[in-house]
Amino acid sequence: MCGIVGYMGSQRAYDILIQGLKRLEYRGYDSAGVALIDNDGCMAVHKSQGKVANLETRAQAGNIGGNLGIAHTRWATHGEPSDVNAHPHVSQSGEIALVHNGTIENYAVLKQALADHGYEFKSETDTEVLVQLIEYIKHTTSCSLLDAVREALLQVEGAYAIAVVEKGDPDTMIVARKSSPLVIGVGDNETFIASDATPIVGYTDKVIYLKDNEIGVIRRGEPLKVISLTDNKPSDVDIQQLKLSLAQLEKGGYDTFMLKEIFEQPATLRDCLRGRIVDNSSHVTLSGVELNKDRFINAERITLVACGTSWHAALIGKRLIQDFCKMPVEVEYASEFRYGNPVLNDKDIVISISQSGETADTLAAIQLAREKGAFVYGICNVVGASIPRNTDSGTYIHVGPEIGVASTKAFTGQVTVLTLLALCVGQLRGAIDDETVKKVATALNEIPDTIEEALKVAPEIKTLSRVFSYAHNFLYLGRGYNYPTALEGALKLKEISYIHAEGYPAAEMKHGPIALIDHDMPSVVIAPTDSLYDKIISNVQQVKSRGGTVVAIVSKGNSTMNKIADFCIEIPDVPECLTPLVASIPLQLLAYYIAVNKGKDVDQPRNLAKSVTVE
Ligand code: F6R
C-alpha cells in the first residue's frame, strides 16, 4: 500500500531508489516517482503513471544525478492513478519534495486553510496538502525544514510514513512515521530509508525500525538523530540486525514470485515448524504462549481478528482451537471488529493474524482490544512489523518474504502456527488427550513432506486449467475444516485471474447459489475422506443433477468420487484438521495456471496491493 524509499550517501541515489522501488512494487504499482537533489542542490523530479519501468523510461531522459533522493510507488487512495497524482509531491515554490505512505484524514480542512492563504493544488492527493503545509510553516515562521515538518505533523490526523528533501540542501533528509512503517538502514557513510527492509538488503544489515511519532534526521557526515514528535526530545536509537538475504527476494528460476512461493512451501513450513514440536511429537511448544501460560489457562474466550486470506486462516484456527482447547472462539474481520464496540475484558485473548503485520484495520483492532483490557497475541510473518510491536506476545510464522501479491505460503504458515497454538494451549488447559496430540503433531511434523507430495499434482492441474480458463464464474464448496479452504480457493482465483468465484459451505449452496449452476459454471469441491465426506458426496450429486461440472479434491485412494465428479485431483491423506493445509495446494495451482493462461500479471494483479496500510 504505497512504498517509499530514500537514500543519502556517495552512490548515485537514482540507481538505489529505482532498485528499491522495484523491490517495493508489490505494495502498489499505480504510479511511481523520484525526487533527486544533485550536489549543487538542484532538484529533479520524475513521475510516471504505471509501473516503475515506465518511470525509468521517463527519468532517464532527464537529470538523474545526485547522491540524495526519495522515491515512491503508489497504490491510489486519494485521486486516480495519474502522472500528476504520483509522488513525490512538491511544494508551491518548488523547494520541498515529499513522499508519503498513509492517509491524511483531515486533509480537506488543511487544504481549505492553505487555499485561503493563496496555495494552489495540482493534484487530488492528501499528500500534496502536507508538503504545502510544511512550506507554509517554513515560510511564515522562517524555521528550519525539520521544525516545519514537526510543526506540520502536529497538525495532521491520520497515518503516515514520510520522507522529505529540500532544494539547495543535498545533505539532509527528514523522515517520520505514525501508523505506517518506516525502516532506516545504517551503512558506512550512507543511509537508506524504506517502507520495509527489502530495498535495504544487500547494502547493510543494520536497521532501525522507527516508532510511531518519531522523526529521523539524516544529515550527511552526522550520526542519525531520532527525536520524538510530541516533546521534541531525542529518542533512543535501537539498531537491529537484519536477517534477510538477497536470495529470498529473487525469483530463483521461477517465472513468477507466486509460483516460487507455492513451490517453496515444503521449505517454508519446515522453517515454521522448527523447534516447535518436541519430545518425539508428544509436546508442542510456543514460547509466546508458554511465557503467558496463566493468561491462556484462565482465558474464557479467544477472538481471532484478521483480513482477507489471513481471515480465512482465522476461520480454520477457530475450528482448531474449539476442537483442541474446548473453549469459545470467535472470528472477526478486523475492519468490522474495530467499529463493532466489542465487549472484552481481561479474560479475553485477541489473536491477530497478519502476513505483513502492517494491515491498518488489524492494527487498529488490536489497539482497541488492548485498550479494553484483552491480552493481545500476534501471528505475523514480517519480523519487526507494527503489529508484533503492538501485541503482548506472539509467534512469527517464519516463512520468509512473500512478494507475490496473492498470499500462498503465508496462508499455510498461518494455518500451521494456528495448529501449533491450538495444540499448545489445549495441552496447557488439559483439554486434549496425549494420543490426539501425538497423532496430530506427528502428521504436522510431516506436513512439509506431505506438501511436497501434494505439489506433484502441478502438471495435472496445468492441463486441467486449460479446460476452465473460459469460465466466467466458479463456485468453491467445502464443509467443516474445508469451508474456509473453499473461501481461500475462490479468493485466489478472483485476485489473479479476475474470474468471479464464490466460496460457500457446501450444504448452504442449496439455499440460493444452486440457482446459478449450469454447465458453464464449474464447481470446485473440497472433499477429502473426513467425517463429512458422505455429506459432501450428496452436495456433489446435487450439483451434478443440475448439469454442473465438478472438480473434486479428494484424498488419495478415493474410489467413489470419480464415479460422480468430472475431474478428481488427489491429495495425500492427513488427519482431518490438517486437510486445509494440503487441499489448498491444488487450489493455489489451479488459480495460478488459469491466470497464466489468461495472460494476467499474477504477481501484481490489478487494483491490489500487498500491504493494506489504509482503512
Ligand atoms: C490475499 C491477500 C490479502 C491479505 C490481506 C491481509 O491473497 O493477500 O487478502 O491476506 O490483505 O493482509 P495481512 O495478512 O498482511 O494482514
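These legends accompany close-up views of a predicted model.

**View 1. Tyr377 sits in strand E20.** The strand covers residues 375–380. Tyr377 has 0% relative accessibility, so it counts as buried. Its C-alpha lies 4.7 Å from that of Ile351, although 26 residues separate Tyr377 and Ile351 in sequence.

**View 2. Contacts around Tyr377.** Neighbours within four places in sequence are left aside here. Tyr377 touches Leu286, Gly288, Val289 and Phe296. Val350, Ile351 and Ser352 are also in contact with Tyr377. So are Thr391, Ser393, Gly394, Thr395 and Leu421. One of these partners, Val289, also offers a polar atom: its backbone nitrogen is 3.4 Å from a polar atom of the Tyr377 side chain.

**View 3. Helix H12 spans residues 360–371.** The helix has 12 residues. From first C-alpha to last, H12 reaches 17 Å. That is close to the 16 Å expected at 1.5 Å a residue. Just after H12 comes Gly373, with a positive phi of about 95°.

**View 4. The buried residues of H12.** Nine of the 12 residues are buried, so H12 is largely enclosed by the rest of the structure. At the start of the helix, Ala360, Asp361, Thr362, Leu363, Ala364, Ala365 and Ile366 are buried. Leu368 and Ala369 are buried too.

**View 5. What packs against H12.** The buried residues of H12 pack against strands E17 (301–306) and E19 (348–354). They also pack against helices H11 (334–337) and H13 (386–389). Strand E20 is another packing partner of H12, and E20 is the strand that holds Tyr377.

Terms used:
Residues numbered from 1 in each chain as written. Predicted model: local features only at pLDDT ≥ 70, side-chain atom pairs only at ≥ 80, totals over all residues. Heavy atoms only, no water. Helix = DSSP H or I, 4+ residues; strand = E, 2+ residues; numbered from the N terminus. Buried < 20%, exposed > 50% of the residue type's maximum accessible area, 1.4 Å probe, protein only. Contact = heavy atoms within 4.5 Å. Polar contact = N/O pair within 3.5 Å; in protein donor to acceptor, adjacent residues only side chain to side chain. Expected span 1.5 Å × (residues − 1).
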